[in-house]
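Hi everyone, thanks for coming. I'd like to walk you through a model I've been looking at, and I'll try to keep it friendly and short.

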Amino acid sequence: MTTALDLLSLFIRDIIPWIAAFIIIALSLNLEYGYLGIPNFGKLLAVSGGGFVAGFLPGLIMYYAYNLQNLGYYYGTKHILIVYTINNILIHSPLLSIGLLFLTIIVAMAFGAFLGLVSSYPALKLREDYLGMILLALGDVLVVIGYNSDIPVGGSLGVIVPSLLGFLNGTFNIDVNYINYIKDALFIGLAVGVYFFARRLVNSPLGRVLRAIRDNETLAQTLGKDIVIYRRNVMMIAGALASIGGLILALNSESVIATKYDRLSDTFYPWVMVVVGGAANNLGTTLGAIMFILILRIIDLYKYSLMPFIPFDPVWLSPILLSIALGLSLFFRPDGLIREKPTKTLSEAEVIRLVNEIKNNKSTLYALGFNFNKIKLLKRTKIF
Amino acid sequence: MDPLTAAVIVVSGITILSSLGLTLTYLTTKVPNFAHSSFIAVGAYMGVYAQQVAKVNPLLYLPYAFLAGAAIGFLQYKILLKPLIDKGANIVTLMIATLVVTIFFFGVINIVADWMATTYKVNSVLINFKNSDFTIYDIPISVISVLIFVVLVSISLYYLLNKTKFGIAMRAAIENPSLASVVGINIDRVYTFSWILSGGLAGIAGVFFGFQYTISTNSADFFLPYVFASSILGGLGNIYGPIPGGIIIGTSSIVIPYAIAQLGYPIALNFALFVPLAIMAATLLIIPQGITGINFRKLFVRKLKVQ
């Protein structure tokens, strides 16, 4: 008999990969929009890029490495048989599996960075409105390719991703349930890693430069910051991160089909998360992502109990709820649930105190090898 | 009539009708409306209701499609965008605000489709109106009505903007809102009118959409790049821009994949989306002001001088 606790643990295990993936996607969008002010309405491009890499890379490498061509064409009717054969090889070779997993993550990130580079090209030249339009249109490119051609992810049939953690069961005899926990731990690890990476990035001098560019481009330029390079690099980083999100979605379901990636869930929902949670605040964005995935999945969970009362599928209530949340947030809380923290600089009193301290201790400073000309220079520029 | 020609005319017509509205709202409120595909989808589902439930020709529901689209455009402006503009929201905030409508109507349209399927026991997804498309003198009715609508809309728009007092006020409000409001033009009324017209035209385009494409709850989404491309190619600064833009986008997005398919690559037909995308990218790189923004006279005179 399944108890309420079992159901809860099932629910938590179901949402963890989603939460991890969307935290990563939302954080990458936050980096672009929140900290640098680029309205990237084409997140779908990098997300689908990551998913597609997970879809074709491990399978095709094994297909060619183990000469499985004699079983038939990789995509199509023989696909299930080929992936089954690959899985049988993988469960006895832990090192190969782990190597493939890391290779997939690295290639997905590289491909995501490339896609970020491609989308940064218009971002360097166009105003926000034109940029939004072209990025939105660009976002669909990979999905259209993926759906209409066999080569990356098997067209309308989709592909199965070889089970890269199957060796835990085959070699080390770990129970299948525990493998799911290990998988979740991996996804959580990736999300936490991305969170701390993003936090480190925006609290570094680079983060301050990004905010300066967002708030006043001309001022940043006069201080010698090359806007073009910063924009390009940030979009590449954000692309690499977003593709990890797509990769998690693919590895979680162990299958990839192009229609699973769409503009609504991979571009618009992350925007809702960032705007409602709090742009330019990583904690707020993370909170937004967790909140919205919870709303979406709880509606999914209770849809069968709602079904008898309404003449439609209750899952369609979730976009309506999300859009209302976004609208309310724009009016009543435009900075999001958790606002952007002001950059901490030294207060004026603190600066004067420090200057006086330096003045009073000239000899000590000389002894320590302090360059006194710098202070004179600062005085001349009338900062003090 | 040759189906290729019919497809070219219908797709060009849909593109013109929908991108006219997009350009109009861009000229007034200065925001690219991502919810434009929702207007098209609502119009398309009016047609689906007509064909599947009311069992009449979808073309008879054109007025309802116009009204539904116009109502959504009106509400989007009045409830969402106007208060935000009054608060001094920047352009990215307004773009996010249009996402509210897009996401909301994604839910609404799916609910309507489900409701039609469960209440009336009819198919409500993957519908096209090919069966309702009878011919007169070998010309499909969809082609005739698209042509009539495009010509009618273009002429009345020209008449409105040049011959009527309201139209001249509208042009003034587009050119310089603050100056226009100083001389007593009600800017808000002009903007409201442009949103109503934008929604209505997109609703009409939605009904014609079903004569060429298969309607599903998310099928208008793929058409949004066509609309953007047509508006950008025509020039977002000019209200007549979508007419040449729509003709070029509509024609090339049908003819180029067809020509490549004739060369022996039938898969090209599935990649029609890349044509408007490529044209949009090329336009932004070469002539960002669009076709109507080019000063042809100046180009010509300069060439003469060189010779």
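Let me begin with a definition: when I speak of a helix axis, I mean a line fitted to the C-alpha atoms, over the stretch in contact, and the angles between axes run from 0 to 180 degrees between N-to-C directions. Please also keep in mind that this is a predicted model.

With that in hand, how do helix H1 and helix H5 of chain B cross? H1, residues 3–29, and H5, residues 141–163, have axes that come within 9 Å and cross at roughly 35 degrees. The crossing of H1(B) past H5(B) is left-handed. On the H1(B) side, the contact is made by B:Ala6, B:Ile9, B:Val10, B:Gly13, B:Ile16, B:Leu17 and B:Leu20. Facing them from H5(B) are B:Ser142, B:Val143, B:Val146, B:Leu147, B:Phe149, B:Val150 and B:Val153.

Let's step back and look at chain B as a whole. It has 12 helices and two strands. Reading from the N terminus, four helices come before the two strands, and the remaining helices follow them. The radius of gyration of chain B is 20 Å, close to the 19 Å from the globule rule for 307 residues, so chain B is as compact as a globular protein of that length. Along its principal axes, the C-alpha trace spans about 60 × 55 × 35 Å. How much of chain B is buried? The share is 52% of its 307 residues. And if you take contacts between residues at least 6 apart in sequence, 76% of those in chain B join residues at least 24 apart.

Now for a few single residues in chain B. Two of them have a backbone angle you might want to look at. B:Lys121 is not a glycine, yet its phi is positive, about 55 degrees. B:Lys121 sits in the loop between H4 and strand S1 of chain B. Is B:Lys121 buried or exposed? It is exposed, with 7 other C-beta atoms within 10 Å. The other one is B:Asp138, again not a glycine, with a positive phi of about 70 degrees. B:Asp138 lies in the loop between S1 and strand S2, residues 139–140, of chain B. B:Asp138 is exposed, with 7 other C-beta atoms within 10 Å.

B:Phe74 belongs to helix H3 of chain B. It has 17 C-beta neighbours inside 10 Å and counts as partly exposed. Which residues does B:Phe74 contact, once its neighbours within four places in sequence are left aside? They are B:Thr192, B:Trp195, B:Ile196 and B:Gly199. In the same part of the sequence there is B:Ser198; B:Phe74 and B:Ser198 are 124 residues apart in sequence, but 9.2 Å apart in space, C-alpha to C-alpha.

Next, how the two chains meet. In this model, 39 residues of chain B are in contact with 35 residues of chain A. Helices H3, H4, H9 and H11 of chain B each supply at least two residues of the side that touches chain A. The largest share of that side, 20 residues, comes from H4(B).

H11(B) deserves a closer look. This helix covers residues 274–286, and its 13 residues reach 18 Å from first C-alpha to last, close to the 18 Å expected at 1.5 Å a residue. Its buried residues are B:Val275, B:Pro276, B:Leu277, B:Ile279, B:Met280, B:Thr283 and B:Leu284. What do they pack against? The partners are helices H4, H5 and H6 of chain A, together with helices H9 and H10 of chain B.

That brings us over to chain A. The domain assignment gives domain 1, residues 12–258, and domain 2, residues 348–380. Their centres, taken over C-alpha atoms, are 50 Å apart.

In helix H4 of chain A we find A:Met109. A:Met109 is buried, with 23 other C-beta atoms within 10 Å. Not counting residues up to four places away in sequence, A:Met109 touches A:Ala240, A:Ser243 and A:Ile244.

Last stop: helix H8 of chain A, residues 176–203. Its 28 residues should span 40 Å at 1.5 Å a residue, and the end C-alpha atoms are 41 Å apart, which agrees. Among its buried residues are A:Phe187, A:Leu190 and A:Val194. The buried residues of H8(A) pack against helices H1, H9, H11 and H13 of chain A.

Thanks for listening!

Technical notes. Residues are numbered from 1 along each chain as its sequence is written. Chains are lettered from A and ligands numbered from 1 in the order in which they are written. This is a predicted model: local features need pLDDT of at least 70, side-chain atom pairs count only at pLDDT 80 or more; totals for chains, interfaces and linings use all residues. Domain bounds come from an automatic or database domain assignment. The expected span of a helix is 1.5 Å times one less than its number of residues. A residue is buried if 20 or more other C-beta atoms lie within 10 Å of its own, exposed if 12 or fewer, and partly exposed in between; C-beta atoms are placed from the backbone. Two residues are in contact if their C-beta atoms, placed from the backbone, lie within 7 Å. The radius of gyration is taken over C-alpha atoms; the globule rule is 2.2 Å times the number of residues to the power 0.38. A crossing is left-handed if the near helix is turned anticlockwise from the far one by less than a right angle, and right-handed if clockwise.
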